[in-house]
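Biologist: Got a minute to walk me through this one? I'd like to go piece by piece, with the reasoning spelled out.

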Amino acid sequence: TAVGFGMDPNLQIDIITEMDLVNTTLGVTQVSGLHNASKAFLFQDIEREIHAAPHVSEKLIQLFRNKSEFTFLATLQQKASTSGVILSIRELEHSYFELESSGLRDEIRYHYRFNGKSRTEVFPYRLADGQWHKIAVSLSASHLLLHVDCNRIYERIIDPPEINLTPESNLWLGQRNRKHGFFKGVIQDVKLIFIPNGYITQCPNLNRTCPTCSDFLSLVQGIMDLQELLAKMTEKLNYAETRLSQLEDCHCEKTCQVNGLIYRDKDSWVEDDHCRNCTCKSGVVECRRMSCPPLDCPPDALPVHVESQCCKICKAKCIYGGKVLAEGQRILTKSCRECRNGVLVKVMEPCPPLNCSEKDHVLPENQCCSVCRGHNFCAEGHRCGENSECKNWNTKATCECKSGYLSVQGDSAYCE
C-alpha cells in the first residue's frame, strides 16, 4: 500500500519485520491476524523483552532527527478490560513516544516529553474491547491527530514533542520496559511512517471529500459512544457535587498536638515542667504561668522552692553565727551541716575529689564541698523558668530574666 502511494521505503520502519519476531520468540506466538498480508503475533501475559536491535534504534534515531512529521500505525485486538503499552520509545525512565491503552478507564494515552518534562495527552476511547481496531497517531510539530478504524476521533494542539532521541534510546513493542506495561492481545502491521498525513497509507479512502453511508454509520456510532460517555461523566459530576455539599455542612474542629498528645479545641491542661496552665484555642496553644499567691512568711521562716511544686512555700530558717540559712542550704563548721526544718543537721556525704590545683579550689555559697574555679553550677539542675536563663558566677548560679521580661514578685526564676 505504501509503495502504491509512491512512498519512499526509507521513510518507514516495519517494526515487526525489523524486530524479526518469530514463533519461538519468548512471550509471543504467531497467530492469524485481521488479514494474511502480514504476520500477526499474540502477546502473552508473561514477562518478556521485545525491543529493537541496536541497528534498528540507530535508524529510528536518524529518522526522528531529520523529520518533524511522523505517524504511528498499528492493527490490534486487545484483550477486553486490560491495560498495556502498544509501543514505547524511551531512554531509561524518559518516554519520547509512548502509546498506552487502558481498558480500566477506557482511555488511550499518549506520553511524550516537552522541554525536558513529561507530558501526557488522554483520549477517552474504548480500545480494549476484544475487537480488531486500526489505530493511527499522526504528529506534525504541535498538531496531533488520532484515527481509530479510519475515523478521525481527536484533533489537538499540544506542546511540540521532543524528537531529538539520545543514542541510548530504544524501542519496545507491547511493553513499557522489562517489567511494566505488558500489552495483552494480538498486534499486526506496526509501522512508523515519516511523511505528512501518514494515516492515509492505512486508510486510503480518507482522501475522499464525500462521506459514504458506512462513514455516516460510523459517525453515528461515535456520537452514541460520546453520548454514553457524557452520561457517565454527568452522573459522576452529580455524585461529586452531592458529596461536596455534604462536606460543606461539616464542622472541622482544629486540634492541638503537644508532645505527642492531641488536645481538642478548648481543652486545658497543666505543664508541670514550666508551671503553666495551657488551653487549645482553634488549633493554637495558649499558655499562662500559674499564678502563685503572695507569701507572708513568719519571722522564723523563709520562702523556698520545693521539688514537684510550682509555688514557693514557707520553711523554717536556721541561724548560725549570725548567718541566716534557708531550707536545704549548707554551712561548713567543724563538719558539714544542712538546714532542715529550722535545725542544722550534720551531713555525712563525702566530698568528691577535684581535678584542679588547690589554689583553684572555690567554696560555693551555702555549700560544704569545694569545686574547681569555673564550675558549671547551672548544669547541677538550677531551676529557672522558661522566660529566665541561668547564669554562672564564681561561687553560685542565679536566674536572670531574658530581655523584655520582668521578675514575678521579685523572683528572677520566674519572669513575664
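Modeller: Sure. One definition to start: two strands pair if DSSP finds at least two bridges between them. Keep in mind that this is a predicted model.

Biologist: Then how many bridges join β24 and β25, and in which sense do they pair?

Modeller: Pairing takes at least two bridges. Strand β24, residues 336-340, meets that cut-off with β25, and one of the contacts puts Arg337 opposite Lys346 of β25. The two strands pair in the antiparallel sense, over four bridges.

Biologist: Which strands stand at the edges of that open sheet?

Modeller: The sheet has three strands in the order β23-β24-β25, with antiparallel pairing. An edge strand has a single partner, so one of its sides is left without a neighbour in the sheet. From one strand to the next the twist averages 35°. The edge strands are β23 (330-332) and β25 (343-346).

Biologist: Over to β5: how many of its residues are buried?

Modeller: Buried means under 20% relative accessible area. Strand β5 covers residues 83-91 and is largely enclosed by the rest of the structure, because the buried ones number eight of the nine.

Biologist: And which strands does β5 pair with?

Modeller: On one count, β5 forms a hairpin with β6, with two residues between them, and Leu92 in the turn has a positive phi of about 55°. That pairing is antiparallel over eight bridges, with Val85 opposite Glu100. Another four bridges, also antiparallel, join β5 to residues 170-173, where Ser88 has Trp172 as its bridge partner. So the partners of β5 are β6 and β12.

Biologist: You mentioned Glu100. Which residue forms salt bridges with both Glu100 and Glu107?

Modeller: Side chains of opposite charge can pair when their charged atoms come close. Glu100 has a nitrogen at 3.4 Å from its carboxyl oxygen, and Glu107 has one at 3.0 Å. These residues belong to a network of salt bridges that also includes Arg90, Glu98 and Arg176. The shared partner is itself buried, as are Glu100 and Glu107: Arg109.

Biologist: Is Lys281, which pairs with Glu286, buried or partly exposed?

Modeller: Their closest N and O atoms are 3.2 Å apart. Partly exposed lies between 20% and 50% relative accessible area. Glu286 falls there at 41%, and Lys281, at 43%, is likewise partly exposed.

Note on methods. Residues are numbered from 1 along each chain as its sequence is written. This is a predicted model: local features need pLDDT of at least 70, side-chain atom pairs count only at pLDDT 80 or more; totals for chains, interfaces and linings use all residues. Side-chain values use heavy atoms; hydrogens and water are left out. Axes are lines fitted to C-alpha atoms, for helices over the stretch in contact, and angles run from 0 to 180 degrees between N-to-C directions. Buried means under 20% relative accessible area, exposed over 50%, partly exposed in between (1.4 Å probe, protein chains only). A salt bridge is a side-chain nitrogen of Lys or Arg within 4 Å of a carboxyl oxygen of Asp or Glu.
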